[in-house]
Amino acid sequence: MNEAALWAELHALAQRAVGLSDPNPRVACRLVLADGRAFDGHTQEAGGPHAEVMALRAAQAAGADVHGATAWVTLEPCSHHGRTPPCCDALVAAGVARVVVAAIDPNPRVAGRGVQRLRAAGIRVDVLSPDHPAAVATRELNIGFWSRMVRGRPWVRMKVAASLDGATALANGTSQWITGAAARADGHAWRRRAGALLTGIGTVRADNPRLDVRLVPTARQPLRAVLDSALEIDPAARILQPPGAVLLYTAQDEAARAAAQARRAVLQAQGVTIVDLPGPPKTPGGAPKVDLAAVLADLAAREVNELHLEAGSKLNASWWRAGLVDELLLYLAPRLLGPGEPLAALPPLAQLDDGVRLRYVDVAPIGDDLRLLARVPGREPWTT
């Protein structure tokens, strides 16, 4: 097998860790023995074995001696004690002769130390150039992990379903369903990538969503978060029901928290975590809104790599105005709906150059609909 095919297979294997390994990166490893036999592994759930250990266990289960083998790994083997022991130590103890690494780990606790540790043990280590297709694929698959390690905040992806003329709902609020079943299932596959799914109280009131992953298989449910400045959510709202944990972000000050003590107790008894992050009021004397930058900082502290936004036009506009959206995931249905809710309720512009600029990353047909992935130029965390 040529190297290009090998890396393609490893990338597909690493994708199996999506919806499983968070907050750890999605990594794959292949051990190739001198006799040509190969044993694969990918990252398991947090606290479980990493890709290298899984490959070593597969070889051990087959009774294979891996001494002198080559380990192909999509991300640099870890060199520190986290939830598990260092993978470098496992590879050294197994006696592998060579390790080929697609990308250096952006985690400051690793960041080249894994390569140094392996070389110090006498193992040959080859690292691909950053522009190698396998290195690019590793970074893209783990863009949220890179974001949290390098920028200290999750990668923010906004998902929207709209008609060709840009309506995300009719003027009366009806939005189910603009896109078809295939696009909705694909949207759930993107939800599965995320460490947290976030919406606003307006969407909770209007649509009463569950905001979980149910149209594609998943080993874990992302954290669900609601921005609810005044803590107005109905305790019976579907988003508060299992499966998965729920965060409520409010902007309540000390007095408001005291006045809502009984209501907060009811929600907390349901297992809801309430986080108060008041920002400055938009107008003098106005009510404060949740501080969006503080939300990202809080989610990063909870080890969320990718934040997936599914909200209404007002909250969407707030995220764009704050300059915190990294990527837009847009599903376009082949229909015209006329006046309705826009993608984001942004204010009028005086000139075209004032608009938000994006670049297309991917365009693909999904069933009868079209999926567009557009990114804010230069926002990739490995470019900072």
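Modeller: A polar contact is a pair of N or O atoms within 3.5 Å; within protein, one must be able to donate a hydrogen and the other to accept it, and residues adjacent in sequence count only if both atoms are side-chain atoms. This is a predicted model, where local features need pLDDT of at least 70, side-chain atom pairs count only at pLDDT 80 or more, and totals for chains, interfaces and linings use all residues. Residues are numbered from 1 along each chain as its sequence is written, and side-chain values use heavy atoms, with hydrogens and water left out.

Biologist: Okay, which side chain makes a polar contact with the side chain of glutamate 327?

Modeller: Glutamate 327 sits in strand E15, residues 327–333 (helices, H or I, of at least four residues and strands, E, of at least two are DSSP runs numbered from the N terminus). Beyond four places in sequence, glutamate 327 touches residues including Trp155, Met158 and Leu373 (contact means heavy atoms within 4.5 Å). Its side-chain partner in the polar contact, at 2.6 Å, is arginine 375.

Biologist: And is glutamate 327 buried or exposed?

Modeller: Buried means under 20% relative accessible area, exposed over 50%, and partly exposed in between (1.4 Å probe, protein chains only). The relative accessible area of glutamate 327 is 1%, so this residue counts as buried.

Biologist: UniProt lists a "binding site" here; how far apart do its residues get in space?

Modeller: That unreviewed entry names positions including Ala161, Trp177, Asp207 and Ser229 (numbered as here, with the feature name shortened; annotations may be inferred rather than shown by experiment). They're spread over 158 residues of sequence, and between C-alpha atoms they reach up to 28.2 Å.

Biologist: Which peptide bond is cis at tryptophan 177?

Modeller: Tryptophan 177 is in the loop between strand E7 (169–170) and H7. With omega at about -5 degrees, the cis bond joins tryptophan 177 to glutamine 176.

Biologist: How far apart are the end C-alpha atoms of helix H7?

Modeller: H7 has 13 residues, 181–193, so at 1.5 Å a residue it should span 18 Å (1.5 Å times one less than its number of residues). The model agrees, because those end atoms are apart by 19 Å.

Biologist: What is phi of leucine 211 near?

Modeller: Leucine 211 lies in the loop between H8 and E9, and with a relative accessible area of 3% it is buried. Its phi is positive, in a residue other than glycine, and is near 50 degrees.
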